Every structure is written in C-alpha cells, then in structure tokens.
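Here's a walk through some of the packing in this protein. Have the viewer open and follow along.

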Amino acid sequence: MLRRPLLPCKAWSSHFRCLKNSRLAPRLVSEVARERPFEFVKEEGRGLSARAKRDLSLGDVVLIEQPVLAVENNGKGDEWKEDLHSRYEALSEERQSQVWNLHDACLQKPEKSLEGILFTNCIGRNLPVRFDAALFLELSRFNHSCSPNLEQTWNADTGEVRLVAAEPVKAGEELCTHYVELRLDRAERRQRLHENYGFWCECPACAQPSEESDKRRTEIKRLAESIEKDRQDRLKNMERGERSVKRVLKLLDKEGLHLLSWRKTHCLAGMEFALRQGDLAKSIQWARKGHQYARLAHGPDHRDTKMLLQLMEDPSSHPDFQFRTDEMKDWTAYVVVMSIAFVVFTVLYI
C-alpha cells in the first residue's frame with residue numbers, strides 16, 4: 001500500500017474566517033529553505049515527531065521537497081524492483097544511508113528491505129502507469145493524524161511535493177499529515193493503519209470512539225462519491241449536486257477536516273453545477289472560492305490554481321459552458337421545428 005493518499009454560503013463560514021486572515025501568497029521556496037518552520041524532535045516511545053518552530057497561518061508552506069527515489073513502471077512482474085535498486089545504487093553513499101534510516105513497517109525478516117522502506121514511506125503521484133511510487137527523506141518523517149493539520153499535494157510540473165498548513169498551528173504543536181483514507185470510521189482507519197504501518201492510532205480523532213464522528217466521515221465519503229457521479233451526468237441532478245457540495249463542506253467544517261484540495265475539488269464541482277443551470281454569477285462565486293483553496297494548497301503557479309483563476313474571470317472557458325450553449329441551441333431548434341410542424345398541421349387538417 002502506498003503511504004498517504006494523493007481530492008459558498010454558510011458552508012464556508014468557519015473555514016473562510018481563517019482564509020481571510022491568511023496570507024494568500026504562499027512563501028517562496030527559498031524562504032521555506034531559509035527559515036525551516038519545523039524541527040524533528042525525539043520523543044520517548046514515539047521516535048521522531050515534527051514540531052512547529054513558530055506560529056503557522058492557514059496555507060503557510062512547511063516543506064517543498066523533491067523525491068530521493070521515484071519509480072514508475074507499466075510492465076508486468078517485478079520490473080519495478082530492478083528499476084528501484086538501480087536508482088538506489090546511483091545515489092551517493094550519504095543519500096543511501098539516509099534512505100536506509102527510514103522506517104520499514106513491512107518487515108518479513110529481521111533485516112530491512114529497500115522495497116519495505118519504499119512501501120512504508122512512499123506516495124503515489126497519480127501517474128497513468130501500473131506502478132508509481134515516490135520516496136521523500138523529510139516528508140517520510142512526519143507522523144500521521146486522522147485530523148491532520150498539514151496537507152500534502154504533488155506538483156507534476158515541478159516534480160515536487162508541497163506540504164502546507166491546513167489550519168492555523170501554534171509554535172510547539174506537532175505537525176501531522178495522513179497515511180490512509182480519512183473518510184472512514186474510526187475502527188476501519190485504525191485497522192488499516194495497524195495492518196500497513198504496525199501501530200494503533202491514538203490521535204485526537206481516534207483517542208475516544210465517537211459515533212457522531214463516524215457518521216460524519218462516512219457521510220462525507222458518500223456525498224463525495226455522489227457529487228462525482230452527478231458531475232459525470234451532465235443532464236441530471238444539477239440542483240442535487242450543488243446541494244451535496246454545500247452539505248459536504250459543512251460536514252468537513254463540523255468534523256474538523258480542513259484539507260484544502262478536497263474543498264477545491266468540491267468548489268469546482270459546485271461551479272460546474274451552477275454553470276449547467278445557467279447561473280453565471282453563482283458559478284463565478286464557486287470558482288473564486290475554489291481558486292482561494294487551490295492557491296493555498298498548491299501555490300499561484302500550479303495548473304489547478306491557474307485553471308480556477310481563468311474560470312473565475314471567464315466561466316465560458318469551461319467545457320460545460322459550451323455544452324450548456326449547445327444544449328440550449330438544440331432545445332431552441334426543437335421548439336422551432338415543433339412550432340412549424342404545429343402550424344403545418346393546423347393549416348392542412350383543421
């Protein structure tokens with residue numbers, strides 16, 4: 001299993017109070033490298049944990065890192081293993097040592113394996129290949145929480161992973177990302193973490209069982225799937241889709257899941273639903289909110305941020321606008337043809 005997944009109105013209220021107070025222009029890479037807003041601290045019984053060295057605002061960049069190893073393969077069998085070992089051997093001795101010091105939760109024998117280290121710590125990059133894994137030296141040191149205060153995203157254009165504050169963080173607080181799907185109930189999340197990483201999660205979201213939290217998370221997942229289904233069906237369920245977007249944003253707020261890319265994706269869906277209903281003003285509102293989330297999650301130069309900025313400025317650039325226009329033309333043509341047919345029928349037979 002690859003580590004860590006790489007998703008208006010009153011629904012935005014609490015999150016956008018933070019959004020308005022945050023710095024919308026994320027810090028430059030050079031600033032992050034110079035200031036390094038976190039440090040790794042040894043903790044008894046837990047190993048290393050990342051702690052904030054200063055207060056962080058929503059969207060502050062914590063880490064930008066390129067993979068030390070990356071493997072992608074479309075072939076069958078174990079070709080990827082040969083590629084992995086070949087790339088590992090090409091690293092300097094210092095880099096090899098750093099890789100080998102990473103945790104291996106897949107131990108089948110007394111000693112570590114390069115494959116085990118990769119599967120314990122890698123992320124997928126959503127490449128259209130059979131096997132895709134990227135390993136990062138620093139990202140791998142961040143611990144898991146089922147209510148993470150960090151969000152990671154992959155930038156295919158720069159070949160970098162980006163880690164940002166998903167909510168305001170106080171100096172000294174632990175900085176956590178997530179390793180498994182968060183939209184599951186507590187029991188299933190903990191079971192997956194134990195099976196794949198060898199620990200039972202005791203994060204704030206798991207410390208005490210909560211039936212209400214389980215209901216919210218499973219409902220968030222159900223709504224996300226319903227929204228995606230409605231996005232694929234352009235002719236139906238536009239109003240239901242927009243209601244689902246508003247509902248899922250409210251539930252994310254209530255559950256304390258502040259992942260910016262999820263919100264970006266839902267706002268884009270809201271924009272599409274509004275556009276299909278012919279409501280340009282509302283579609284612009286959704287695009288604006290989506291752009292704010294994308295800018296915080298990815299930075300101003302990411303392709304998603306630029307796309308949403310264009311949609312905010314010109315909704316007609318979205319393919320759904322042309323679809324809606326063509327649909328209206330087809331309907332107009334149908335009405336004209338039926339009107340002519342009615343007139344002909346009236347003249348001839350009445």
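What follows covers ring pairs, one charge over a ring, and how some of the helices pack, all in a predicted model.

## Aromatic pairs

Let's start with the rings. There are 10 aromatic pairs in the structure. Take Phe 38 and Phe 40: their ring centres are 5.3 Å apart and the planes sit at 70°, so this pair counts as edge-to-face. The cut-off for that label is over 60 degrees between planes. Phe 38 is buried, at 1% relative accessible area, while Phe 40 is partly exposed at 25%. Both belong to one aromatic cluster, together with Phe 142.

Now look at Trp 80 and Phe 119. Their ring centres lie 5.5 Å apart with planes at 80°, so they are edge-to-face too. This pair ties together distant parts of the chain: Trp 80 is in helix H3 (residues 79-89) and Phe 119 is in helix H5 (residues 114-121), 39 residues apart. Trp 80 is buried, with 7% relative accessibility, and Phe 119 is partly exposed, with 22%. The line between those two labels is drawn at 20% relative accessible area.

## Around helix H5

How many of the residues of H5 are buried? The count is 7 of 8, so the helix is largely enclosed by the rest of the structure. The buried ones are Leu 114, Glu 115, Gly 116, Ile 117, Leu 118, Thr 120 and Asn 121.

As for what covers those buried residues, the list includes strand S4 (69-73), strand S5 (131-135), helix H4 (93-100), helix H6 (186-197) and H3. H3 is also where Trp 80, the ring partner of Phe 119, is found.

## Helix H9: a charge nearby and a buried histidine

Helix H9 spans residues 260-276. Find Trp 262 and you'll see the charged end of Arg 183 sitting over its ring, 4.4 Å from the ring centre.

His 266 is another residue to click on in H9. Is His 266 buried or exposed? It's buried, with a relative accessible area of 7%. Beyond its neighbours within four places in sequence, His 266 touches Ala 224, Ile 227, Val 245, Val 248, Leu 249 and Leu 252.

## H9, H10 and H11

When two helices pack, the angle and the distance between their axes describe the arrangement. H9 and helix H10 (residues 280-298) pack at about 165°, with axes 8 Å apart. Angles over 145 degrees count as roughly antiparallel, and H9 and H10 therefore get that description. Their crossing is left-handed. Among the residues making the contact are Cys 267, Gly 270, Met 271 and Ala 274 of H9, and Trp 286, Ala 287, Gly 290, Tyr 293 and Ala 294 of H10.

H10 also packs against helix H11 (residues 303-313), where the axes come within 8 Å and cross at roughly 160°. That makes H10 and H11 roughly antiparallel as well, and this crossing is left-handed too. On the H10 side, the residues are Ile 284, Ala 287, Arg 288, Gly 290, His 291, Ala 294, Arg 295 and His 298. They meet Asp 304, Thr 305, Leu 308, Leu 309, Leu 311 and Met 312 of H11. Ala 287, Gly 290 and Ala 294 are worth picking out: each is among the H10 residues that contact H9, and each also appears in the H10 set that meets H11.

Conventions:
Residues numbered from 1 in each chain as written. Predicted model: local features only at pLDDT ≥ 70, side-chain atom pairs only at ≥ 80, totals over all residues. Heavy atoms only, no water. Phe/Tyr/Trp six-rings, centres within 6.5 Å; stacked < 30°, edge-to-face > 60°. Buried < 20%, exposed > 50% of the residue type's maximum accessible area, 1.4 Å probe, protein only. Helix = DSSP H or I, 4+ residues; strand = E, 2+ residues; numbered from the N terminus. Lys NZ or Arg CZ within 6 Å of the ring centre and 35° of its normal. Axes fitted to C-alpha atoms, helices over the stretch in contact; angles between N-to-C directions. Parallel < 35°, antiparallel > 145°, perpendicular 65-115°, else oblique. Left-handed = near helix turned anticlockwise from the far one by under 90°. Contact = heavy atoms within 4.5 Å.
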